[in-house]
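This report goes through a protein model one part at a time. Please keep the sequence and the structure in view while reading.

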Amino acid sequence: MEPGNEPLIKFDSVVKRFGDNVVLDGLDLDVNAGERVTLIGPSGSGKTTILRLLMTLEHVNGGTIWVGGRPFSHMYRGDKLVPASEKYLREHRKTIGMVFQQFNLFPNMTVRKNVTEGPVHSLGVPKEEASERAVELLEMVGLADKIDAHPTQLSGGQQQRVAIARALAMRPEILLLDEVTSALDPELVAGVLDVLREIARETDITMLCVTHEMAFARDVSDRVFMFDAGRIAESGPPEQIFGDPHEDRTKSFLKAVL
Ligand code: ADP
């Protein structure tokens, strides 16, 4: 591959085990800069584990994760790759934002403070600047009028939109979305998905989404990965995966969920 053309995210033979349960068994997966990728497949097939490895909430048991051409799960000691130290991981995960199923906002802080806290404390952005950016982001998610509210005064959908603004406030290169609409009442799902569609349209952020929302996956993805038992059963553009799936596993999964 040409230098500079390497994928932004590269899983190279990644193994992840929980006790005897081998969740990822030598997974290879590449995501290019600016790509929007969705991970679909049955529960327990390892999709969330992939996001959690990238968030460094879990550590690999084998293989290496690379981000931006540099080792991510590992670091160089001399010319040898060794498991990354906590300090190394802390530094490198700043480029990655994650939004969870449960919004995990800070309940005792206003919406503004939720969005400015990370940039001010972890990135050293001046308060004023972080606050101006918070206004822009809250406008983008349609909640500028809630800037002084507390999370408990917001609906689940609104809280999730604040969580998205909070993740973007860190100016991540990569945004990980883990079933972000699964905990929402059905009538609140569309508003959150619309915000994500807009982010996909308006920014060049690289997105990895685990989702059960097949219509959303179809709209927003450049590539869909169908997982089965910790392996990629099939991957391709959404038109192919949804319109002309090749693998039986994909066909039966889509039949069950669509
Ligand atoms: P998916 O997102 O596709 O539903 P997950 O990545 O959440 O799948 O889970 C894959 C497998 O890993 C499941 O068998 C799950 O029980 C197991 N697993 C995930 N997290 C943990 C954990 N913290 N401890 C033990 N097992 C886990």
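Asn 104 sits in the loop between strand 8 and helix 3 (111-122). The model is a predicted one. Although Asn 104 is not a glycine, its phi is positive, at about 55°. Most residues other than glycine have a negative phi. Is Asn 104 buried or exposed? With 14 other C-beta atoms within 10 Å, Asn 104 is partly exposed; the count for a buried residue would be 20 or more.

A second case is Glu 179, in the loop between strand 9 and helix 6 (186-202). Glu 179 is not a glycine either, and its phi is positive at about 45°. Glu 179 has 18 C-beta neighbours inside 10 Å and therefore counts as partly exposed.

**The chain as a whole**

The protein chain contains nine helices and 12 strands. For 258 residues, a compact globule would have a radius of gyration near 18 Å, and the 19 Å of the protein chain agrees with this. Along the principal axes, the C-alpha atoms fill a box of roughly 50 × 50 × 40 Å. Of the 258 residues, 38% are buried. Among contacts with a separation of 6 or more, 62% are between residues 24 or more positions apart.

**The sheet of six strands**

One open sheet has six strands in the order 8-9-10-3-11-12, and its pairing is mixed. Which strands stand at the edges? They are strand 8 (96-99) and strand 12 (231-236); each has a single partner strand, so one side of each has no neighbour in the sheet. From one strand to the next, the twist averages 20°.

Strand 8 pairs with strand 9 (residues 174-178) in the parallel sense, over four bridges. In this pair, Met 98 has Leu 176 of strand 9 as its bridge partner. In a regular strand the side chains alternate between the two faces of the sheet. In strand 8, Ile 96 and Met 98 point one way while Gly 97 and Val 99 point the other way, and all of these are buried.

Elsewhere in the order, strand 3 (residues 36-40) and strand 11 (residues 223-228) are also joined in the parallel sense, by four bridges. Here Thr 38 is opposite Val 224 of strand 11. Helix 9 (residues 248-257) lies across strand 11 and strand 12, at about 95° to strand 11.

**The sheet of four strands**

Another open sheet has four strands in the order 2-1-4-5, and its pairing is antiparallel. Strand 2 and strand 5 (70-71) are at the edges with a single partner strand each, so one side of each is left without a neighbour in the sheet.

Strand 1 (residues 9-18) runs antiparallel to strand 2 (residues 21-31), and eight bridges join them. The hairpin of strand 1 and strand 2 has two residues between the strands, and Gly 19 there takes a positive phi near 60°. Strand 1 also pairs with strand 4 (residues 62-67), in the antiparallel sense and over five bridges. The table gives some residues of strand 1 with the residues they face.

| Residue in strand 1 | Residue it faces | Strand of that residue |
|---|---|---|
| Lys 10 | Asp 30 | strand 2 |
| Phe 11 | Ile 65 | strand 4 |
| Asp 12 | Thr 64 | strand 4 |

**The ligand and helix 1**

Which residues surround the ligand? They are Phe 18, Asn 21, Val 23, Ser 43, Gly 44, Ser 45, Gly 46, Lys 47, Thr 48, Thr 49 and Val 210. The elements giving two or more residues to this shell are strand 2 and helix 1 (47-54). Helix 1 gives the most, with three residues. By type, the shell has three nonpolar, seven polar and one charged residue.

Why is helix 1 described as largely enclosed by the rest of the structure? Seven of its eight residues are buried, so the description follows from that count. The buried residues of helix 1 are Lys 47, Thr 48, Thr 49, Ile 50, Leu 51, Leu 53 and Leu 54. Thr 56 follows helix 1 and has a positive phi, near 60°.

Technical notes
Residues are numbered from 1 along each chain as its sequence is written. This is a predicted model: local features need pLDDT of at least 70, side-chain atom pairs count only at pLDDT 80 or more; totals for chains, interfaces and linings use all residues. Two strands pair if DSSP finds at least two bridges between them. A residue is near a molecule or strand if its C-beta atom, placed from the backbone, lies within 6 Å of it. Ala, Val, Leu, Ile, Met, Phe, Trp, Tyr, Cys and Pro count as nonpolar, Asp, Glu, Lys and Arg as charged, and the others, Gly among them, as polar. A residue is buried if 20 or more other C-beta atoms lie within 10 Å of its own, exposed if 12 or fewer, and partly exposed in between; C-beta atoms are placed from the backbone. The radius of gyration is taken over C-alpha atoms; the globule rule is 2.2 Å times the number of residues to the power 0.38. Two residues are in contact if their C-beta atoms, placed from the backbone, lie within 7 Å. Axes are lines fitted to C-alpha atoms, for helices over the stretch in contact, and angles run from 0 to 180 degrees between N-to-C directions.
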